[in-house]
Amino acid sequence: KPHGVGTGLGLWICREIVEELGGEIRVLSTLGEGTEITVVLPVASGGLIHVSSLPPEPNSGMAFVGNLRRILVVEDEPALRELLAETLGEHADVTTASSGLEARELLEHDPEFDAILCDVMMPGMSGADLHEWVDRTVPALARRMIFMTGASHSAGVREFLARVDNERLDKPFRVRDVERVLDRVIDSSLRVHA
């Protein structure tokens, strides 16, 4: 890709999938010559895999209080949005939006989310613009916005993140990191309201 086009998340997403399967991905790259990518996966043990219909064990990712947590994922990169929806959807009720404007429309009709995972830089309405709107309309929810960014080098992004007191995830991140941050944000909100 030309310089400055794309976020470089494709290989990161592949690595996440391969590592979740117990494998590894190796990259050997020589400038001007090319890149060799090797994916190593463990040998299947054979036999049938039985999927339990029982609820997950208490320490299997995000902790729960009462009903499923409701998470809104606002991300303009389709692959990352889908990955987060799929992995978090195992333990939460996940709604996705591909832009800040789409998220605002969703929130106008249903602001009852436990947390919002939001990309900072998006075309149209940025994560900062969405946060400003949420802060005016549902201030408690604005404090439960978690910002994802691959552009923390940008002065505008740095300034925004320094101004708000919200959690942030720097891309690339691991799904485990997302779950930990969600636990902190939602659990601290529950303690404040208890």
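On helix α2, Glu82 and Glu86 are exposed, meaning over 50% relative accessible area with a 1.4 Å probe and protein chains only. They sit on the other side of α2 from its buried residues. Buried means under 20% relative accessible area, and partly exposed covers the values in between. The buried residues of α2 (residues 78-88) are Leu80, Arg81, Leu83, Leu84, Thr87 and Leu88. Seen down the helix axis, these buried residues fall within an arc of 165°, so they line one face of α2. The arc is taken from the directions from the helix axis to the C-beta atoms.

This is a predicted model, in which local features need pLDDT of at least 70 and side-chain atom pairs count only at pLDDT 80 or more, while totals for chains, interfaces and linings use all residues. Residues are numbered from 1 along each chain as its sequence is written, and side-chain values use heavy atoms, without hydrogens and water.

Now the overall fold. The protein has 7 helices and 7 strands. These are DSSP runs, numbered from the N terminus: helices are H or I with at least four residues, strands are E with at least two. Along the sequence the pattern reads α-β-β-β-α-β-α-β-α-α-β-α-β-α. Of the 194 residues, 37% are buried.

Next, the interior. A nonpolar core is a set of buried Ala, Val, Leu, Ile, Met, Phe, Trp, Tyr and Cys residues joined through side-chain atoms within 4.5 Å. The largest such core has 23 residues, and Val74, Leu107 and Leu130 have the most contacts inside it. Among the elements that give two or more residues to this core are β3, α3 and α6. Helix α4 gives the most, with 4 residues. A second, separate core has 21 residues, including Trp12, Leu84, Ala115 and Leu169.

Leu130 deserves a look. Contact means heavy atoms within 4.5 Å. Beyond its neighbours within four places in sequence, Leu130 touches Val74, Gly100, Ala103, Arg104, Leu107, Cys118, Met125 and Met145.

How confident is the predictor? pLDDT gives its confidence in each residue, from 0 to 100.

| Part of the model | pLDDT |
|---|---|
| Protein, average | 80 |
| Helix α1 (residues 9-20), lowest mean among the elements | 76 |
| Strand β5, highest mean among the elements | 95 |
| Residues 47-66 | below 50 |

In the protein, 78% of the residues score at least 70. The stretch 47-66 has 17 contacts in the model beyond near neighbours in sequence. Where pLDDT is low, the predicted coordinates should not be read in detail.

Technical notes: pLDDT = per-residue confidence, 0-100.
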